[in-house]
2 protein chains.
Amino acid sequence: MLIEIDFSSDEAIYQQLCNQIILGIATSRLSDGEVLPSVRQMADEIGINMHTVNKAYSILRQEGFVKVDRRRGAFISVTERNRERALHIVEKDMRILLAQARCRGLSKQDILLLVDRIYDEYDGAN
Amino acid sequence: MLIEIDFSSDEAIYQQLCNQIILGIATSRLSDGEVLPSVRQMADEIGINMHTVNKAYSILRQEGFVKVDRRRGAFISVTERNRERALHIVEKDMRILLAQARCRGLSKQDILLLVDRIYDEYDGAN
DNA sequence: CCACCTGTTATAACATAAATATAACAGGTG
DNA sequence: CACCTGTTATATTTATGTTATAACAGGTGG
C-alpha cells in the first residue's frame with residue numbers, strides 16, 4: 001500500500017503512519033493477515049528513520065490492529081470484537097468532533113449524511 | 001463554566017482547554033456573547049501559566065469560536081456559517097475516526113446511533 | 001491624570017516529545 | 001553462517017509545550 005507523509009504537517013509522522021494504515025484496513029486496501037513492510041524497508045521507502053516506523057507499529061500492535069510474528073514480521077490482525085469497549089473508545093473522540101461540528105453550524109442531519117457517505121465509501125471498497 | 005484539566009493526560013493543556021470551551025458552546029453552557037475569564041484570571045483558576053490560556057484563546061479566535069474586544073476581553077462568538085467549509089473541516093477528522101471505528105468492528109448503524117445520541121444530548125442541554 | 005484592567009508581544013529558560021543516528025541483541029530462515 | 005525479522009539501548013538534535021518575567025497599547029472608572 002502506498003504511504004504518503006506530509007512533512008509540513010503539524011501531525012507527527014508516526015501518527016500519520018498509524019492513521020494511513022488504519023485507513024488502509026478500513027478501505028480493505030490492507031486485508032487481514034497481510035504482511036506489512038519491515039520497519040527498515042518501510043523507513044527506506046518513506047525516507048524516515050526506522051524508529052519512527054517502529055513506534056507506529058508498536059502503537060498499532062497495542063491498539064489491536066497488528067500482530068507480530070518472529071518469522072514473518074508485522075501483519076494485519078484485527079481481533080478486537082469487544083463492542084462495548086470499542087464504542088467507548090470512539091465515543092470520546094466523537095464527542096469533541098461533534099461539538100466542533102455543532103459550533104460550526106452543522107446539523108445532526110448533516111453529520112448523519114456525512115457518516116453514511118463515508119461508511120458506504122469504505123464498505124464499497126470491498 | 002467549570003474547566004477541568006487532566007495534568008496526567010498526554011493531551012496538551014491548551015488543547016484540553018480549547019476542547020472544553022468548544023464542548024461548552026455545543027452544550028450551551030457557554031452562550032453566544034458570553035464573556036470568558038481573562039487570560040490571567042483563567043490561568044489563576046486552573047493553576048497554569050497565562051500564556052497557555054492565551055494560546056488556547058488565540059486558536060479559538062482563529063477557528064472562529066471567539067472574538068476579542070479591547071474593553072470586554074474574549075467572548076463567545078460563533079459566526080461561521082460557511083456550511084461547505086465546515087463540512088470539509090469535519091470530514092477530515094471524521095474519516096480517520098470512522099476508519100478506527102470500522103476496524104474495531106463497529107457497524108454503520110452503531111455509529112449513526114452514537115451520533116444521534118450525542119447530538120440529542122447536546123441539543124437537549126438548551 | 002492615574003491606577004487598573006484587557007489582550008498581545010517579546011525574550012529566555014526549562015521539560016517533554018519527536019525524530020534521527022548508530023549499535024547491538026535474540027530469534028527464525030535458507 | 002549470512003541474512004532477515006522486531007526489539008532494545010543510548011545519545012543527539014530538533015520541535016513543541018509550559019513557565020517565567022517583563023513590557024506595551026488601549027479601554028475603564030475613580
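These are my notes on the A–B interface and on the protein surface around DNA strand C in a predicted model.

**Entry 1: chain A against chain B**

I began with the contact between the two chains. Chain A puts in 46 residues, and chain B puts in 46 residues. I then looked up the buried area. The two chains bury about 5000 Å² between them, with 65% of it on carbon and sulfur atoms. On the chain A side, A:R102, A:R104 and A:Y119 lose the most area to chain B, together 18% of what that side buries.

Next came the polar part. I found 14 salt bridges between chain A and chain B. One of them joins the side chains of A:R83 and B:D110, at 2.7 Å from N to O. The count of residue pairs in polar contact, both at pLDDT 80 or more, is 20.

Which elements of chain A give two or more residues to this side? They are α1 (13-26), α4 (83-103) and α5 (108-124). α4(A) gives the most, with 17 residues. I sorted the chain A side by class: 25 nonpolar, five polar and 16 charged residues.

**Entry 2: around DNA strand C**

I moved to the DNA. There are 23 residues around strand C, and A:I13, A:Y14, A:H51, A:K55 and B:H51 come nearest. By class, I get nine nonpolar, seven polar and seven charged residues. α1 and α3 (50-63) of chain A each supply at least two residues, as do α2 (39-46), α3 (50-63) and β2 (73-76) of chain B.

What share of the strand C atoms within 4 Å of the protein belongs to sugar or phosphate? It is 60%, and the rest belong to bases.

I checked three pairs. A polar side-chain atom of A:K55 lies 2.6 Å from a phosphate oxygen. A polar backbone atom of B:V39 is 3.2 Å from a phosphate oxygen. For A:H51, a side-chain N or O atom is 3.2 Å from a base oxygen.

Technical notes: Residues are numbered from 1 along each chain as its sequence is written. Chains are lettered from A and ligands numbered from 1 in the order in which they are written. This is a predicted model: local features need pLDDT of at least 70, side-chain atom pairs count only at pLDDT 80 or more; totals for chains, interfaces and linings use all residues. Side-chain values use heavy atoms; hydrogens and water are left out. Contact means heavy atoms within 4.5 Å. Buried area is the accessible area (1.4 Å probe) that two parts lose on being put together, summed over both. A salt bridge is a side-chain nitrogen of Lys or Arg within 4 Å of a carboxyl oxygen of Asp or Glu. A polar contact is a pair of N or O atoms within 3.5 Å; within protein, one must be able to donate a hydrogen and the other to accept it, and residues adjacent in sequence count only if both atoms are side-chain atoms. Helices (H or I, at least four residues) and strands (E, at least two) are DSSP runs, numbered from the N terminus. Ala, Val, Leu, Ile, Met, Phe, Trp, Tyr, Cys and Pro count as nonpolar, Asp, Glu, Lys and Arg as charged, and the others, Gly among them, as polar. A residue is near a molecule or strand if one of its heavy atoms lies within 4 Å of it.
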